[in-house]
Structure formats: C-alpha cells, structure tokens
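I'm opening a fresh notebook page for a structure I haven't looked at before. My plan is to start with the overall layout and then follow a few residues.

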Amino acid sequence: MDDYNVIIRPLITEQGTHLASTKGAYSFEVNKKANKVQIKKAVEALYNVKVDKVRTANRKGKHRRRGKTFGTTASWKKAVVYLGPDYHIDLF
C-alpha cells in the first residue's frame, strides 16, 4: 500500500480544528487495513512533518432507512495524528 492509498482524506470538523490548534492533533480518514506504522509514515511523507503518536478508531456504519428498505452506511477507520511541537499542517 502506498502513501496515497493509506490516507483517504483529512477530516475537517469543529472538534478537529480545536484539537489542531490546542494539541497539534489532526484527524484523517484512512484505509481500513492500514496500521499505525503505515499511517505515521504516510503522514510524514505527504506533509513533511514529524509525527509523535497515532491513535486509531474503527467507526461502525450507521443504520439507515429509505422507505421500506433498510441498510447501513459504510464503516470506516479514523486516525488522529499528533505532531511534534514545531510542526503543523495547513489544511485550509
């Protein structure tokens, strides 16, 4: 898996921007099969930063109903990447 297949997209939310400004933590949607080491290497290569730690969470899809039919949204994996004190990522 190359770096562009590991990181799918950055997650830009209110909580994410607050974490970025206070703790230097950035959220990404990542490939379900990627582990913490692969995520760390991909972020360091794509954004030219130094990563301190990575936390991951598997997000389960929500149940949805459309008329009579039931279904679920897709499950996905979230990674919160903590950067070193001298680094930041410009996502906007």
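Below are my entries, in the order I looked things up.

**Entry 1: the overall layout**

First reminder to myself: this is a predicted model. I counted the elements and got three helices and six strands in the chain. Reading from the N terminus, I noted the order as α-β-α-β-α-β-β-β-β. I then checked the extent of the C-alpha trace, which spans about 55 × 30 × 20 Å along its principal axes. The chain has 92 residues, and buried ones make up 32% of them.

**Entry 2: the salt bridge**

How many salt bridges does the structure hold? I found one. Its partners are Glu29 and Arg9, and their closest N and O atoms are 2.7 Å apart. Glu29 sits in strand β2 (residues 25-30) and Arg9 in strand β1 (residues 7-10), so the pair links parts that lie 20 residues apart in sequence. As a general note, side chains of opposite charge can pair when their charged atoms come close.

I also looked up how covered each partner is. Glu29 has a relative accessible area of 14%, and because the cut-off for buried is under 20%, Glu29 counts as buried. Arg9 comes out at 43% relative accessibility, which makes Arg9 partly exposed.

**Entry 3: from β2 across to β3**

I stayed with Glu29 and looked for something distant in sequence. Thr56 is 27 residues away along the chain, yet the two C-alpha atoms are 9.7 Å apart in space. Thr56 belongs to strand β3 (residues 51-59) and is partly exposed, at 33% relative accessibility.

Next I tried Val30, which is also in strand β2. Buried or exposed? Val30 is buried, with 2% relative accessibility. I paired Val30 with Asn58: they are 28 residues apart along the chain, and 9.9 Å separates their C-alpha atoms.

**Entry 4: a lysine without a salt bridge**

Lys77 caught my eye in strand β6. Lys77 is buried but has no salt bridge. Which side chain of opposite charge is nearest to Lys77? My lookup gave Glu29, 12 Å away. For a salt bridge, the nitrogen would have to be within 4 Å of a carboxyl oxygen, so Glu29 at 12 Å doesn't qualify. What the side chain of Lys77 does reach is the backbone oxygen of Ala34, at 2.6 Å.

**Entry 5: the largest pocket**

I went looking for empty space next. The largest pocket has a volume of about 160 Å³. Which element gives the most to its lining? That is β6, with four residues. Both α2 (14-22) and β6 (76-83) supply at least two lining residues each.

I jotted down some names from the lining, among them Leu11, Gln15, Ser27, Trp76, Lys78 and Tyr82. Sorted by class, the lining has five nonpolar, four polar and one charged residues.

**Entry 6: an odd backbone angle**

Last lookup of the day was Asn48. Its phi is near 55°, a positive value in a residue other than glycine. Where does Asn48 sit? I placed Asn48 in the loop between α3 (36-47) and β3. With 65% relative accessibility, Asn48 counts as exposed.

Note on methods
Residues are numbered from 1 along each chain as its sequence is written. This is a predicted model: local features need pLDDT of at least 70, side-chain atom pairs count only at pLDDT 80 or more; totals for chains, interfaces and linings use all residues. Side-chain values use heavy atoms; hydrogens and water are left out. On a 1 Å grid over the protein atoms alone, a cavity is a set of points where a 1.4 Å probe fits but cannot get out, and a pocket is an open set with protein on both sides within 12 Å along at least five of seven lines; lining residues have an atom within 4 Å of a point. Grid points are joined across faces, edges and corners, and a volume is the space filled by probe spheres set on the points. Ala, Val, Leu, Ile, Met, Phe, Trp, Tyr, Cys and Pro count as nonpolar, Asp, Glu, Lys and Arg as charged, and the others, Gly among them, as polar. Buried means under 20% relative accessible area, exposed over 50%, partly exposed in between (1.4 Å probe, protein chains only). Lys and Arg count as positive and Asp and Glu as negative; His and the chain ends are not counted. A polar contact is a pair of N or O atoms within 3.5 Å; within protein, one must be able to donate a hydrogen and the other to accept it, and residues adjacent in sequence count only if both atoms are side-chain atoms.
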